[in-house]
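Work through the exercises below with the sequence and the model at hand. Each task is followed by a stepwise solution.

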Amino acid sequence: MLGTLLALAASSAPSAAQDGAKPAAAPPAAGAADKIAKGREIFANFACGSCHSLADAGAAGHVGPSFDGDPNLSEPFIIDRVTNGQGAMPAFGGQLSPEEIAAVAAYVSHAAAK
Ligand code: HEC
């Protein structure tokens with residue numbers, strides 16, 4: 001009898017935990033939106049738009065390539081360029097943390113695909 005109760009208690013516990021986990025499934029999407037919002041701020045604060053065009057950011061720079069409608073701007077590619085720079089593109093690896101660079105890459109990749 002006691003064994004049955006314990007078994008019932010044990011079997012009901014995981015489903016209670018799963019029910020509890022359902023609302024927690026939302027944050028990953030919210031986290032991605034937060035990351036993009038943070039990237040948008042970094043794009044503005046570090047004046048990426050003084051050299052690059054990106055309609056979403058109201059940026060119309062012409063020193064570097066325009067990002068609008070560029071399907072080749074993957075996040076890993078942007079992270080590499082922003083971290084290490086190339087030619088007249090400054091390296092931001094010393095000014096921005098890897099998390100900040102990942103955020104600006106997520107933002108540019110997202111906004112360029114619009
Ligand atoms: C002083 C002007 C300048 C600033 C500021 C600048 N860039 Fe650039 N960027 C360039 C130039 C020039 C290139 C082209 C480099 C090359 O390929 O020789 C470039 C290239 C890039 C590329 C590669 C694009 C491609 O299609 O090859 C990315 C991505 C990029 N920049 C992102 C950024 C971000 C994000 C910021 C802000 C954190 C930023 N840039 C700030 C001048 C700038």
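**Exercise 1.** Determine which helix gives the most residues to the shell around the ligand.

Solution. Start with the elements: helices (H or I, at least four residues) and strands (E, at least two) are DSSP runs, numbered from the N terminus. The model is a predicted one, in which local features need pLDDT of at least 70 and side-chain atom pairs count only at pLDDT 80 or more, while totals for chains, interfaces and linings use all residues. Residue numbers start from 1 along each chain as its sequence is written. Next, collect the residues near the ligand, meaning those whose C-beta atom, placed from the backbone, lies within 6 Å of it. There are 20 residues around the ligand, and Cys48, Cys51, Gly64, Gly87 and Met89 are the closest. Helix 3 (75-84) and helix 4 (98-112) each supply at least two residues of this shell. Helix 3 gives the most, with 3 residues.

**Exercise 2.** Sort the shell around the ligand by residue class.

Solution. Count Ala, Val, Leu, Ile, Met, Phe, Trp, Tyr, Cys and Pro as nonpolar, Asp, Glu, Lys and Arg as charged, and the others, Gly among them, as polar. The shell then divides into 14 nonpolar, 5 polar and 1 charged.

**Exercise 3.** Describe the span and the burial of helix 4.

Solution. First the span: the expected value is 1.5 Å times one less than the number of residues. Helix 4 has 15 residues and reaches 21 Å from first to last C-alpha, close to the expected 21 Å. Then the burial: a residue is buried if 20 or more other C-beta atoms lie within 10 Å of its own, exposed if 12 or fewer, and partly exposed in between, with C-beta atoms placed from the backbone. By this count 11 of the 15 residues of helix 4 are buried, including Ile101, Val104, Tyr107 and Ala112. For the protein chain, 18% of the 114 residues count as buried.

**Exercise 4.** Find which members of the largest nonpolar core touch the most other members.

Solution. Join buried Ala, Val, Leu, Ile, Met, Phe, Trp, Tyr and Cys residues through C-beta atoms within 7 Å. The largest such core has 17 residues, of which Leu54, Val104, Ala105, Tyr107 and Val108 touch the most other members. Helix 3 and helix 4 each supply at least two residues of this core, and its largest share, 10 residues, comes from helix 4. Now take Ala105: two residues are in contact if their C-beta atoms, placed from the backbone, lie within 7 Å. Leaving aside neighbours within four places in sequence, Ala105 is in contact with Glu75, Ile78, Ile79 and Val82.

**Exercise 5.** Explain why Ala47 and Asn72 count as exposed.

Solution. Locate Ala47 in the loop between helix 2 (27-45) and strand 1 (53-54). Ala47 is exposed because 11 other C-beta atoms lie within 10 Å. Its phi is near 55 degrees, a positive value in a residue other than glycine. Asn72 lies in the loop between strand 2 (59-60) and helix 3. Asn72 counts as exposed because it has 7 C-beta neighbours inside 10 Å. Asn72 and Ala112 are 40 residues apart in sequence and 9.3 Å apart in space, C-alpha to C-alpha.
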